[in-house]
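Got a new chain to look at and wondering where the labels come from? Let's go through them one by one.

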Amino acid sequence: MSLFQKYKKWIMILSILAALFGLYHYFIKDSPTSELVTTNEEENPFHITETEETAGVTTNDEIEEERLVVDLKGAIVQPGVYELEGGARVHELLKMAGGLTSEADELAINLAAPLEDGMVIYIPKKGEVTDYSLTSQTSHQEQDDGKVNINVASSEELQTLTGIGPSKAEAIIAYRDENGSFKELEGLLEVSGIGQKSFEKLKDEITIK
C-alpha cells in the first residue's frame with residue numbers, strides 16, 4: 001500500500017479544511033471591511049455637496065461690488081462725475097477730486113455723510129448763500145410745483161425748459177460750475193446764448209430754491 005493511499009482519508013480532510021479556511025477569509029472575514037467602506041461612504045453623502053457649496057461661496061465673493069456715480073460741483077479742485085464703491089463717504093469723494101479750493105466753505109460740508117448713487121454734490125464758496133443740500137440732493141431736481149431748480153438740475157432736466165437745448169443746458173452747467181449757484185433767476189441772462197427774450201419764455205418754469 002502506497003503512502004498516499006494510506007493517508008488518503010486524512011489528506012482529503014485537510015484539503016477540505018484548507019478550502020473552507022480559504023473561503024472563510026475570502027467571503028466572511030474580508031466582507032465586513034468592504035461593507036465598512038461602503039457604509040462609511042453612504043454615511044458621508046455630503047462630501048461632494050460641501051465642495052459644491054464651497055465653490056458657490058467663491059463665486060459669490062467674485063460678484064462685483066456695488067458702485068456709486070456722483071456728480072461733484074462747486075469750489076473743488078477737479079469738479080466732475082466720479083465713480084466710487086458702495087458705502088463711500090463725502091470725504092473720500094473730495095480726496096478723489098483733489099480736495100477743496102481756498103474759496104470753499106468747509107464748515108458747510110458734512111465730510112462723514114454717506115453717498116448715494118446719482119447724487120449731485122455742490123460745494124459752496126465762503127459767504128455763499130444756497131438752499132442746496134450738499135448731501136441729500138440727487139439728479140432729480142424737479143420741484144413739486146413743476147419748476148426746475150437751475151442750481152442743481154442736470155442737463156436733461158434743463159432741456160425740458162422752453163427754448164433750452166443741449167448746448168444751452170451745458171452752458172448753464174458750465175456757468176454754474178465756474179461761478180457757483182445762481183443768486184436770482186435773472187442770473188441766467190449772464191449765460192452765453194440766453195437773452196432777455198429767452199429768459200421771458202422760461203422764467204416761470206424755473207426756481208433757485
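What follows is a set of short questions and answers about this predicted model.

Q: What makes up the chain, in helices and strands?
A: The chain has eight helices and five strands. Going along the sequence, they come in the pattern α-α-α-α-β-β-α-β-β-α-α-α-β.

Q: Why is Ser155 called buried?
A: Buried means under 20% relative accessible area. Ser155 has a relative accessibility of 10%, so Ser155 counts as buried. It sits in helix H6, which covers residues 155-158.

Q: Which residues is Ser155 in contact with, once neighbours within four places in sequence are left aside?
A: Those are Ala169, Glu170 and Ile173.

Q: What makes the link between the side chains of Ser155 and Gln159 a polar contact?
A: The cut-off for such a pair of N or O atoms is 3.5 Å. The side chains of Ser155 and Gln159 are joined at 3.0 Å, so the distance fits within that limit.

Q: Why is Glu178 called exposed?
A: The word exposed is kept for values over 50%. Glu178 has a relative accessible area of 62%, and therefore counts as exposed. You'll find Glu178 in helix H7, residues 166-179.

Q: How far apart are the C-alpha atoms of Glu178 and Lys73?
A: They are 9.0 Å apart in space, with the two positions 105 residues apart along the chain.

Q: Why is Ile13 called partly exposed, rather than buried or exposed?
A: Buried is under 20%, exposed is over 50%, and partly exposed is in between. Ile13 comes in at 33%, so partly exposed is the label it gets. Ile13 belongs to helix H2, residues 8-29.

Q: What makes Ile13 eligible for a nonpolar surface patch?
A: Patch residues need over 30% relative accessible area. At 33%, Ile13 passes that cut-off. The patch is formed by Trp10, Ile13, Leu14, Ile16, Leu17, Leu20 and Leu23, with about 730 Å² of accessible area together.

Q: How do you know where the "domain: Helix-hairpin-helix DNA-binding motif class" feature lies?
A: That comes from UniProt, in an unreviewed entry, which places the feature at residues 156-175 and 186-205. In the model, residues 156-175 are 65% helix and 0% strand, with end C-alpha atoms 16 Å apart. For residues 186-205, the span is 35% helix and 0% strand, and the end C-alpha atoms lie 13 Å apart.

Q: How much of the chain counts as buried?
A: Of its 209 residues, 28% do.

Notes
Residues numbered from 1 in each chain as written. Predicted model: local features only at pLDDT ≥ 70, side-chain atom pairs only at ≥ 80, totals over all residues. Heavy atoms only, no water. Helix = DSSP H or I, 4+ residues; strand = E, 2+ residues; numbered from the N terminus. Buried < 20%, exposed > 50% of the residue type's maximum accessible area, 1.4 Å probe, protein only. Polar contact = N/O pair within 3.5 Å; in protein donor to acceptor, adjacent residues only side chain to side chain. Contact = heavy atoms within 4.5 Å. Patch = residues over 30% accessible without salt bridge, like charges linked within 9 Å, V, L, I, M, F, W, Y side chains within 5 Å. Areas by Shrake-Rupley, 256 points an atom, 1.4 Å probe, with all protein chains shown as cover. Salt bridge = Lys/Arg side-chain N within 4 Å of Asp/Glu carboxyl O. UniProt positions renumbered as here; feature names shortened; annotations may be inferred.
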